[in-house]
Amino acid sequence: MPEAKPAAKKAPKGKDAPKEAPKGTPPKEAPAEAPKEAPPEDQSPTVEEPTGIFLKKPDSVSVETGKDTVIVAKVNGKELPDKPTIKWFKGKWLELGSKSGARFSFKESHDSASNVYTVELHIGKVVLGDRGDYRLEVKAKDTCDSCGFNIDVEGTGEGKSDTAGELDFSGLLKKREVVEEEKKKKKKDDDDLGIPPEIWELLKGAKKSEYEKIAFQYGITDLRGMLKRLKKAKVEVKKSAAFTKKLDPAYQVDRGNKIKLMVEISDPDLPLKWFKNGQEIKPSSKYVFENVGKKRILTINKCTLADDAAYEVAVKDEKCFTELFVKEPAVLIVTPLEDQQVFVGDRVEMAVEVSEEGAQVMWMKDGVELTREDSFKARYRFKKDGKRHILIYSDVTQEDGGHYQVITNGGQCEAELIVEEKQLEVLQDIADLTVKAAEQAVFKCEVSDEKVTGKWYKNGIEVRPSKRITISHVGRFHKLVIDDVRPEDEGDYTFVPDGYALSLSAKLNFLGEEPPKIHLDCSGKTSENAIVVVAGNKLRLDVSITGEPPPVATWLKGDEVFTTTEGRIRIEKRADCSSFVIESAERADEGRYTIKVTNPVGEDVASIFLRVVDVPDPPEAVRITSVGEDWAILVWEPPKYDGGKPVTGYLLERKKKGSQRWMKLNFEVFTETTYESTKMIEGILYEMRVFAVNAIGVSQPSMNTKPFMPIAPTSEPLHLIVEDVTDTTTTLKWRPPNRIGAGGIDGYLVEYCLEGSDEWVSANTEPVERCGFTVKNLPTGARILFRVVGVNIAGRSEPATLAQPVTIREIAEPPKIRLPRHLRQTYIRKVGEQLNLVVPFQGKPRPQVVWTKGGAPVDTSRVHVRTSDFDTVFFVRQAARSDSGEYELSVQIENMKDTATIHIRVVEKAGPPINVMVKEVWGTNALVEWQAPKDDGNSEITGYFVQKADKKTMEWFNVYERNRHTSCTVSDLIVGNEYYFRVYTENICGLSDSPGVSKNTARILKTGITLKPFEYKAHDFRMAPKFLTPLIDRVVVAGYSAALNCAVRGHPKPKVVWMKNKMEIREDPKFLMTNYQGVLTLNIRRPSPFDAGTYTCLAVNELGEALAECKLEVRGEGVAIPNTG
């Protein structure tokens, strides 16, 4: 939260200073601290030695109220870099100035001889509010110093009257009354301390910790007197009913920053409004409202000067106020002016960059301010570009040079502009000319100033324009043109610029007839002039020729004459030159070229041999010959055409297939035609290409190689062992290799070799994928070695070989049944479940397996048996009680045999108990007995489940669960009720499907009372159904569950039928019908408009029937479907 800005200027006007005390007022009470003793008359007070820039510091003074006082200080100007800025402060921060009142005046003077500044502070008619600490601050550029002093204000004293000895009681009484009134008035003025009543009210409602803040804000320096007055006042702080914490009296924020104004209210539900200068503030990106508990926060973003205003917040009838001061930031100079040295007529821009956009700056030249009003006369203008301020001279003069200064409220910078006269420079001199008869002679020169004029002279005589002679001046160029040159035009020509001691001279030579001549380094029919050009480059042969009259040039290549002036090969003709141009030279352009020039005087011939060199063709037959785990061998053929220069070597590149990024394999040329590429990733497809290099450059790339993959065979298979041997077969097992690589493994090949032989025979033509194989058709009794190799795209791995040969002969193994643990005890399944028994066994050769039950073979119509070399499966799809029994499994090899017995029990639920009887009733107890069921379900009975029911309601309640005995005592029966009992049988399959119900009842009688039934006619309780509460018409909303209720009476209990629109409602999941002791309810789950209609409840018994109806209306989304019943 920004600090509160001093707001002394907002204090109530006209109440800043208390009224002057009237004359004759007796002195006020002595202050709390004793005044310092004054020095003796013959001894002057001690003065501190001046330090820093002060030659004389201000003295602390004591003055009586109503009198004037002057504070004087002297400042040493020699210690200051510039004229100082003087500021007077009361307290620490309250600056004294023109707004402080007419009683305060300030004076400054400067003694130029001693360079001493004298500053004075005049205070007229001092009041008690002027007492306190003061401070003088002196600042000049980077130099700053300050010193403090104190002003003590005392009340005026009255001398004794000359007539004091007279006892004029009436006069004394009147004087006493006047003195008392003046004392009271004086005491009131002293108590006020010059502080307005509004400030006292603010202090009374503030916390003690805020006293100093408010005193600083409103310029109160006498804190001791203020605290003394507050202590006497005995302030009772009136608590606000709406606010628990109000706004601070004032806030200050820098322009461009954000500020938060926060209040805390007593009730978070109270409405609150914010106002700015009396206008309500609405939420926006500028003004953001926040609610945090009881705190209400107004955030003002990017404060501008328009936000400097009074703000208030209103809750009901209570308001609290504050004031926001937006402070303009100091404008700093980021990029200062730079010294410039220019010439007269140049454009000059003097730029300075400041820290804020839109800031005001002041331009000064030689101490005089430059204004926009004077810019039209002085030919300058101002320009603003964001934070940059620019002073522009479009055409600078020497008067514009001087000392320039830019001043802001946060700094200043200086620069010097120097303007000099330009010197005339000759940019192009006049050249000598040799001209033939009737031709044109042009003398041309260029000077640095385009405004300079001049004159042309021939042999010292000024040249005047005529029909043949033209003089022109365009910009910086001056021309003299002579048409149809004659012999008399020969001579010396001079150009003299006006105003400059400078002249430019050249000579005109007149030329007659001469034979043609080709000017080459070596010319003639037998000379060998050779030129080498790189294919694709442009060739231009410029051949100088002379002769008078001008000769005609002809170019030839063998018998081919070139005459065209356009196209790739063309002839360009000029007066003294013939050019033969070939655009983008090709190999076919190589050969001997001849130029022949002729005129009437004679002819000349020269020949030039043109040799075209180029980069070589790409290498040929680039291919991969072999690959490894991370390497490949690349081979190629040299290019057919070497480009006219020997091939110096080759450059190679490689990339992954599908990628566009080629990687260089060598930076120095490789001279061989076979290269081994390494550091490749196994399993990745690569492509390679080759470039040929000669002295001209690098060829186009060769064709890419076919995609190849660096791969390697796997390592040898591991742990090769013999699993089984018969008379003609051997079964081998092994584990996969340790290293398979990116090429994977396609399978394994098994090979065998007779002991003593070197010939290995393949046992399988196609690789097998699993790590096991049975080699068949082996000679019985032979000793054979076996080995296994892994195969993948890279080839065969190293073989894994058995250490010892294997004798091909079957080894007998006695039969052995490995009965699973769960079959070693009685195997129990429920009726209808599957019987699936898997019993493993071992033995060689394959044993004979037999299943029996009670010594007889099993019924194959119910039991399915499947036997393999290693196990046998006993399977029954749906078990029945008849499948229970003892089964025997026998496994036999010749005379060796092994047997195992398996007990199977198929169970189901038991039958109900029989003969359930109430044997005895005493008190509230009853003894119930029963007999075990006839069918126990082929399983042990684990207990009985006993329930009771009152004869009136016949609602059953649990009494015992898993009762082990066939009898039980039921306690806590209700006197006067008659009970039935029922019992369920429980075994491993659960409770029996039906219970055994007691044939008699247990009537609980009151003890000691014998029932003597009266002889009366039994009342007939039967009655036809009758609705006690009818159905009521309902209106419900679609999608919300509804219920229809009614009550019916009838005996016997009537059957209830619900109908909709006369149609019976059956098993519909949308409707739920309940009947609880005659209260009938129809619940409709999430009704839709289509469920509206007439609902009917029909109750029927043997004595009659009753009917109740109602209408249901379902209202949907603005649509109600009316009743169609």
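**Secondary structure and overall counts**

I began with the secondary structure of this predicted model, and in the protein chain I found 5 helices and 87 strands. I then looked up burial, and of the 1125 residues of the protein chain, 36% count as buried. For the surface as a whole I noted an accessible area of about 67800 Å², with 49% of that area belonging to carbon and sulfur atoms. Turning to contacts with a separation of 6 or more in the protein chain, I recorded that 63% of them are accounted for by residues 24 or more positions apart.

**Strand 48 and its partners**

I next picked out strand 48, which covers residues 649-656, and asked how many of its residues are buried. The count is 7 of the 8 residues, so I describe strand 48 as largely enclosed by the rest of the structure; buried here means under 20% relative accessible area.

I followed the pairing of strand 48 on to strand 51, residues 686-693, where 8 bridges join the two strands and the direction is antiparallel. Within this pairing I located Tyr650, which stands opposite Ala692 of strand 51.

Strand 48 also pairs with strand 49, residues 663-664, through 2 bridges, and I noted that these two strands run antiparallel as well. Here I looked up Glu653 and found that its bridge partner in strand 49 is Lys664. Strand 48 and strand 49 together form a hairpin with 6 residues between them, and in the turn I marked Gly658, whose phi is positive at about 90°.

**Cis peptide bonds**

Which residues does a cis peptide bond with omega of about -10° join? I found that the bond lies between Lys844 and Pro845, and I placed Pro845 in the loop between strand 63 (835-844) and strand 64 (848-853).

I also noted a cis peptide bond running from His1051 to Pro1052, with omega near 0°. Pro1052 is in the loop that lies between strand 81 (1042-1051) and strand 82 (1055-1060).

**Positive phi outside glycine**

I then checked Arg962, which is not a glycine and yet has a positive phi of about 55°. Arg962 belongs to strand 73, residues 956-963. Is Arg962 buried or exposed? Its relative accessibility is 56%, so I entered Arg962 as exposed, the cut-off being over 50%.

Gln1077 is another residue other than glycine with a positive phi, and I wrote down a value near 50°. I located Gln1077 in the loop between strand 84 (1071-1076) and strand 85 (1079-1084). With a relative accessibility of 67%, Gln1077 also counts as exposed.

**Cavity**

Last, I searched for enclosed space, and the structure holds 1 cavity of 30 Å³ or more; I noted about 30 Å³ of space for the largest cavity. Which residues line the largest cavity? I listed Lys422, Gln423 and Leu424, together with Ser448, Asp449 and Tyr500. Sorting the residues of this lining by character, I obtained 2 nonpolar, 2 polar and 2 charged.

How values were computed: Residues numbered from 1 in each chain as written. Predicted model: local features only at pLDDT ≥ 70, side-chain atom pairs only at ≥ 80, totals over all residues. Heavy atoms only, no water. 1 Å grid on protein atoms, 1.4 Å probe; cavity = no way out; pocket = protein on both sides within 12 Å on 5 of 7 lines; lining within 4 Å. Points joined across faces, edges and corners; volume = space filled by probe spheres on them. Nonpolar A, V, L, I, M, F, W, Y, C, P; charged D, E, K, R; others polar. Helix = DSSP H or I, 4+ residues; strand = E, 2+ residues; numbered from the N terminus. Buried < 20%, exposed > 50% of the residue type's maximum accessible area, 1.4 Å probe, protein only. Contact = heavy atoms within 4.5 Å. Areas by Shrake-Rupley, 256 points an atom, 1.4 Å probe, with all protein chains shown as cover. Pairing = 2+ DSSP bridges.
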